[in-house]
Amino acid sequence: MLPIKRVLRPLAALLLAAAVATVPAATATASDAPASGWNDYSCRPSTAHPRPVVLVHGTLGNSVDNWLSLAPYLEHRGYCVFSLDYGQLQGVPLFHGLGPIDKSAAQLSDFVDKVLAATGAGKADLVGHSQGGMMPRYYLKFLGGAAKVNALVGLAPDNHGATLSGLTNLLPYFPGAEDLISAATPGLADQIPGSAFLTKLNDGGDTVPGVHYTVIATKYDEVATPWRSQYLSGSDVHNVLLQDLCPLDLSEHVAIALLDRIAFHEVANALDPAHATATTCASVFS
């Protein structure tokens with residue numbers, strides 16, 4: 001008899017194929033995003049969804065490519081959806097999230113102010129992937145963001161650092177390597193477990209009062225590892241493991257934000273908990 005995992009993998013592949021087939025089409029250029037209501041500054045939040053959603057990409061991501069599926073998914077459900085680029089290094093196009101994370105948090109602060117001014121909303125909801133799920137916590141904790149944000153939803157956020165499946169544990173064996181990373185790509189250095197940035201971020205507790213936190217993790221994550229380090233502690237925290245919702249879900253660090261409609265369904269639940277419905281394997285068709 002075949003091992004159970006060999007039986008489940010083809011079924012999971014079918015689910016993911018269905019997800020891709022049912023995601024609304026989206027183009028790959030930022031200028032086209034407003035055509036679908038994404039980054040449309042004339043959008044006004046509805047009574048049903050009174051807060052704009054700001055999407056925060058991950059390391060090496062950008063405001064378009066990271067959200068080609070999730071942005072239309074949320075927009076189709078009546079949300080005003082916005083996304084930003086942050087952390088760009090001079091001379092490095094397309095790939096963002098490499099600059100110092102405290103500076104990136106300041107860029108997020110400015111962007112949220114812009115969105116709130118345009119939409120007339122009192123608060124926004126944030127949805128971030130990887131660094132984009134962790135970096136907003138600096139904005140909430142140190143830059144006054146807690147007064148302007150209702151909820152933070154993190155997809156595979158590296159809240160306590162990213163070991164890259166243990167690779168960062170090898171840095172001490174290569175003298176000067178960490179200094180080189182810090183000089184060339186400070187945003188990467190800030191995400192190494194034990195960094196000065198993460199120590200400051202997590203000192204005194206993971207959360208701040210008044211903000212609802214959701215973490216959506218996958219046990220197949222190969223970047224924000226160990227995956228349990230993504231979880232937050234606090235009184236208003238909902239930590240979710242995708243495989244507890246659907247054992248067939250094989251999404252890893254990238255796929256969870258790019259095409260996983262099971263994860264997307266849980267994002268929608270976090271944004272509108274009053275109308276949440278159970279997330280299961282069938283949510284891939286929702």
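The exercises below work through ring pairs, charges, strands and a surface patch in this structure.

The model is predicted, with local features needing pLDDT of at least 70 and side-chain atom pairs counting only at pLDDT 80 or more, while totals for chains, interfaces and linings use all residues. Residues are numbered from 1 along each chain as its sequence is written, and side-chain values use heavy atoms, with hydrogens and water left out.

**Exercise 1. Classify the ring pair of Tyr41 and Phe82, and place both residues in the chain.**

Step 1. Rings of Phe, Tyr and Trp (its six-membered ring) pair if their centres lie within 6.5 Å; planes under 30 degrees apart count as stacked, over 60 as edge-to-face and the rest as tilted. The structure has 5 aromatic pairs.

Step 2. For Tyr41 and Phe82 the ring centres are 5.0 Å apart and the planes stand at 50°, so this pair is tilted.

Step 3. Helices (H or I, at least four residues) and strands (E, at least two) are DSSP runs, numbered from the N terminus. Tyr41 belongs to the loop between α1 (4-22) and β1 (53-56) and Phe82 to strand β2, so the pair ties together parts 41 residues apart in sequence.

Step 4. Buried means under 20% relative accessible area, exposed over 50%, and partly exposed in between (1.4 Å probe, protein chains only). Phe82 is buried at 0% relative accessibility, whereas Tyr41 is partly exposed at 28%.

**Exercise 2. Classify the ring pair of Trp227 and Tyr231.**

Step 1. The ring centres of Trp227 and Tyr231 are 5.7 Å apart and their planes stand at 80°, so the pair is edge-to-face.

Step 2. Trp227 has a relative accessible area of 15% and is buried. Tyr231, at 22%, is partly exposed.

**Exercise 3. Find which charged ends sit over the rings of Tyr73 and Phe142.**

Step 1. A charge sits over a ring if NZ of Lys or CZ of Arg is within 6 Å of the ring centre and within 35 degrees of the ring normal.

Step 2. Over the ring of Tyr73 sits the charged end of Arg77, 3.5 Å from the ring centre.

Step 3. Over the ring of Phe142 sits the charged end of Lys200, 4.9 Å from the centre. Phe142 also belongs to a cluster with Tyr138 and Phe197, linked by ring pairs.

**Exercise 4. Describe the salt bridges, and state where their residues lie.**

Step 1. A salt bridge is a side-chain nitrogen of Lys or Arg within 4 Å of a carboxyl oxygen of Asp or Glu. The whole structure contains 3 of them.

Step 2. Asp125 pairs with Arg51, and their closest N and O atoms are 2.9 Å apart. This pair links distant parts of the chain, with Asp125 in strand β3 (residues 124-129) and Arg51 in the loop between α1 and β1, 74 residues apart. Asp125 is buried at 1%, while Arg51 is partly exposed at 22%.

Step 3. Lys148 and Asp113 form a salt bridge of 2.8 Å, N to O. Lys148 is in the loop between α5 (136-142) and β4, and Asp113 is in helix α3, 35 residues apart. Lys148 is partly exposed at 26%, and Asp113 is partly exposed at 31%.

Step 4. Asp206 pairs with Arg137, with the closest N and O atoms 3.9 Å apart. Asp206 is in the loop between α8 (196-202) and β5, and Arg137 is in helix α5, so the pair ties together parts 69 residues apart in sequence. Asp206 is buried at 13%, and Arg137 is buried at 3%.

**Exercise 5. Describe how strand β5 is covered and paired.**

Step 1. Strand β5 covers residues 212-217, and 5 of its 6 residues are buried.

Step 2. Two strands pair if DSSP finds at least two bridges between them. Strand β4 (residues 149-155) runs parallel to β5 and is joined to it by 5 bridges. One of the bridge partnerships is that of Ala151 with His212 in β5.

Step 3. Strand β6 (residues 237-241) also runs parallel to β5, with 5 bridges between them. Here Thr214 has His238 in β6 as its bridge partner.

**Exercise 6. Name the residues of the nonpolar surface patch, and place Leu94.**

Step 1. Patches are made of residues with over 30% relative accessible area and no salt bridge: like charges are joined within 9 Å, nonpolar side chains (Val, Leu, Ile, Met, Phe, Trp, Tyr) within 5 Å. Accessible areas come from the Shrake-Rupley method with a 1.4 Å probe; for residues, only the protein chains shown count as cover.

Step 2. Leu60, Leu94 and Phe95 make a nonpolar patch of about 320 Å².

Step 3. Leu94 lies in the loop between β2 (81-84) and α3 (101-119). With a relative accessible area of 57%, Leu94 is exposed.
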